[in-house]
Amino acid sequence: SITYWLRDARYIVPLLILPLVPAGLVLAFWLAGIPWSIIVWLPVPLVSLLIGWSVHNDVAADGTAFWLHVVTSVRGRADRWGRVVIPLVLGLVVAIAGGVISAALHDDDAIAAPLVALSVCALLAGLGVSSVASAVAPYPTVHPGDSPFQQPQGTGGGTGMAQIMSLLIAAAACLPVVGAILAAVAA
């Protein structure tokens, strides 16, 4: 899995671009006048969610290997674990280190544990939902060796809907943790 992720531009390019998403988000919220005490909660959970969600079309991206697993009777659980091990390890590093660093930048060590918890929740929700979405609703993807910025035509409007729904469901799965954090802050 590690060598596959490092060799395949369809995985490595989005991971290299990923830090730009929270940076743009922080800049936009800062320019809009949102307080830093709120902004500090956004980047690490968002990146963790997106790292987890990165496997939302893994079966389509790796179709030949998937069918090789099917014909050789590899258990589905082994296939899923093989597909999520890299984003799981990378996401845990980002969630834990990012939560601690964000708390230090905010100069409030008390938010480190809830921020790490929210980030790990976002990562696991993203991995869980995207693993199901990858198997249930794959859509056309870039072929190996093609530019990762190229996207083949889908057969209908369901392609974008599958992506949006899987991301929204993963984000919604984090709402109980967000509620617990808000309740703790309000208390």
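Which helix is S166 found in? S166 sits in helix α10. I'll come back to that serine in a moment. First, a caution: this is a predicted model.

Let me start with the overall picture. The protein chain has 11 helices and zero strands. Read from the N terminus, every element in the run is α. The chain has 187 residues, and 36% of them count as buried. Now the contacts. Take those between residues at least 6 apart in sequence: 76% of them join residues at least 24 apart. The accessible surface comes to about 10,500 Å². Carbon and sulfur atoms account for 74% of that surface.

Back to S166. Is S166 buried or exposed? S166 is buried, because its relative accessible area is 4%, and the cut-off for buried is under 20%. What does S166 touch, once neighbours within four places in sequence are left aside? The contacts are W53, H56, V129 and A133. There is also a C-alpha distance to note here. S166 and S130 are 36 residues apart along the chain, yet their C-alpha atoms are separated by 6.3 Å.

Stay in helix α10 for M161. M161 is partly exposed, with a relative accessible area of 48%. Its C-alpha atom is 9.9 Å from that of A137. Those two residues are 24 apart along the chain.

Next, another serine. S102 has its place in helix α8, which covers residues 76-106. S102 is buried too, at 11% relative accessible area. Not counting residues up to four places away in sequence, S102 touches V40, V44 and L115.

On to the cysteines. How many disulfides does the count come to? Zero. Why no bond between C121 and C174? The sulfur of C121 has its closest cysteine sulfur in C174, and the two are 3.9 Å apart, so they are too far for a bond. The cut-off for a disulfide is within 2.5 Å. Seen from the other side, the closest cysteine sulfur to C174 is the one in C121. Both cysteines are buried. C121 has a relative accessible area of 18%. For C174 the value is 5%.

Last topic: the second largest pocket. How much space lies in it? About 520 Å³. The lining is made up of 21 residues. Nearest the centre of the pocket are W41, L42, P45, L118 and V178. What classes of residue make up the lining? There are 18 nonpolar residues, two polar and one charged.

Which elements supply at least two lining residues each? They are α4 (36-39), α5 (43-53), α9 (112-136), α10 (158-172) and α11 (175-186). Helix α11 gives the most, with five residues. Note that α10 is on that list, and α10 is also the helix of S166 and M161.

To recap. The predicted model has 11 helices and zero strands. S166 in α10 is buried at 4%. C121 and C174 have sulfurs 3.9 Å apart, too far for a bond. And the second largest pocket has 18 nonpolar residues in its lining, with α11 giving the most.

Definitions and conventions: Residues are numbered from 1 along each chain as its sequence is written. This is a predicted model: local features need pLDDT of at least 70, side-chain atom pairs count only at pLDDT 80 or more; totals for chains, interfaces and linings use all residues. Side-chain values use heavy atoms; hydrogens and water are left out. On a 1 Å grid over the protein atoms alone, a cavity is a set of points where a 1.4 Å probe fits but cannot get out, and a pocket is an open set with protein on both sides within 12 Å along at least five of seven lines; lining residues have an atom within 4 Å of a point. Grid points are joined across faces, edges and corners, and a volume is the space filled by probe spheres set on the points. Helices (H or I, at least four residues) and strands (E, at least two) are DSSP runs, numbered from the N terminus. Ala, Val, Leu, Ile, Met, Phe, Trp, Tyr, Cys and Pro count as nonpolar, Asp, Glu, Lys and Arg as charged, and the others, Gly among them, as polar. Buried means under 20% relative accessible area, exposed over 50%, partly exposed in between (1.4 Å probe, protein chains only). Contact means heavy atoms within 4.5 Å. Accessible areas come from the Shrake-Rupley method with a 1.4 Å probe; for residues, only the protein chains shown count as cover.
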